[in-house]
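Colleague: Could you take one part of this model and examine it closely for a first-year student? Please begin with any term that the student must know, and then place the part within the whole chain.

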Amino acid sequence: MSAAYPWVEPPWPDKPLPREELEDRVQQLLGTTNMCVLATTKSDGQPIASPIEYWADGLDIYMLPDPGTPKLKAMQREPRVCVAVHGDYHGWHSARGVQLFGRAQILEVGEPGWEHGMRVFRWQEWAKDLGMDTSQPMQRQVLKVVVDKILYTETWLWKLGYSAKQRWLREEA
């Protein structure tokens, strides 16, 4: 038994979090970092998992994919994607991560949602880090991931009487 964290020992609770609390915890995790792994699938079925910077707006995820990359081509062919984000791990008491399953929407320059996506992504900071001109918005595609399903894991939830594994589906809204 863990002396410092006795609640990490079985039996573990299996109670679901209320939906609003789960959404809040997911958004909190998404706001603590801005790196994720974006998983797509090549035409031959081979998975592609790419580390990429993101910014979240609620449960929607925004990214600036590089033009012509295998992951962009894969999303144009097959829009189903998975985004994985995790917190720092310092033992079982701190395990925390989320898998976001959804559809990739490639927003072309000037189309509805593109300006909002550029604001959410904070393109100026990104461009400045790369030594690029920030006087005008970059003219490139924005990737928006519209999430349909979430698998959230947080072992600290055991201490609060909830299951460490939580599930969210958009159609339950």
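Modeller: A residue is called buried when its relative accessible area is under 20%, exposed when it is over 50%, and partly exposed in between, as found with a 1.4 Å probe and protein chains only. The model is predicted, so local features need a pLDDT of at least 70 and side-chain atom pairs count only at pLDDT 80 or more, while totals for chains, interfaces and linings use all residues. Residues are numbered from 1 along each chain as its sequence is written, and side-chain values use heavy atoms, with hydrogens and water left out.

The setting comes first. In the chain there are 5 helices and 8 strands (DSSP runs numbered from the N terminus: H or I over at least four residues for helices, E over at least two for strands). Read from the N terminus, the order of these elements is α-β-β-β-β-α-β-β-α-α-β-α-β. The C-alpha trace spans about 55 × 35 × 30 Å along its principal axes. The chain has 173 residues, and 42% of them count as buried. Where contacts (heavy atoms within 4.5 Å) join residues at least 6 apart in sequence, 65% of them link residues at least 24 apart.

The part chosen for the close look is helix H2, which covers residues 70-77. Its buried residues are Lys71, Leu72, Ala74 and Met75. These four lie on the same side of H2, because they cover an arc of only 160° around the axis (the arc is taken from the directions that lead from the helix axis to the C-beta atoms). Pro70 and Lys73, on the other side of H2, are exposed. Against what do the buried residues of H2 pack? Their partners are strand S1 (35-41), strand S2 (47-53), strand S5 (80-86), strand S6 (96-107) and strand S7 (142-154).

The cysteines complete the account. The structure holds 0 disulfides, a disulfide being a pair of cysteine sulfur atoms within 2.5 Å. The sulfur of cysteine 36 has its closest cysteine sulfur in cysteine 82, at 9.6 Å, which is too far for a bond. Cysteine 82 is likewise in no disulfide. Cysteine 36 is buried, with a relative accessible area of 3%, and cysteine 82 also counts as buried, at 15% relative accessibility.
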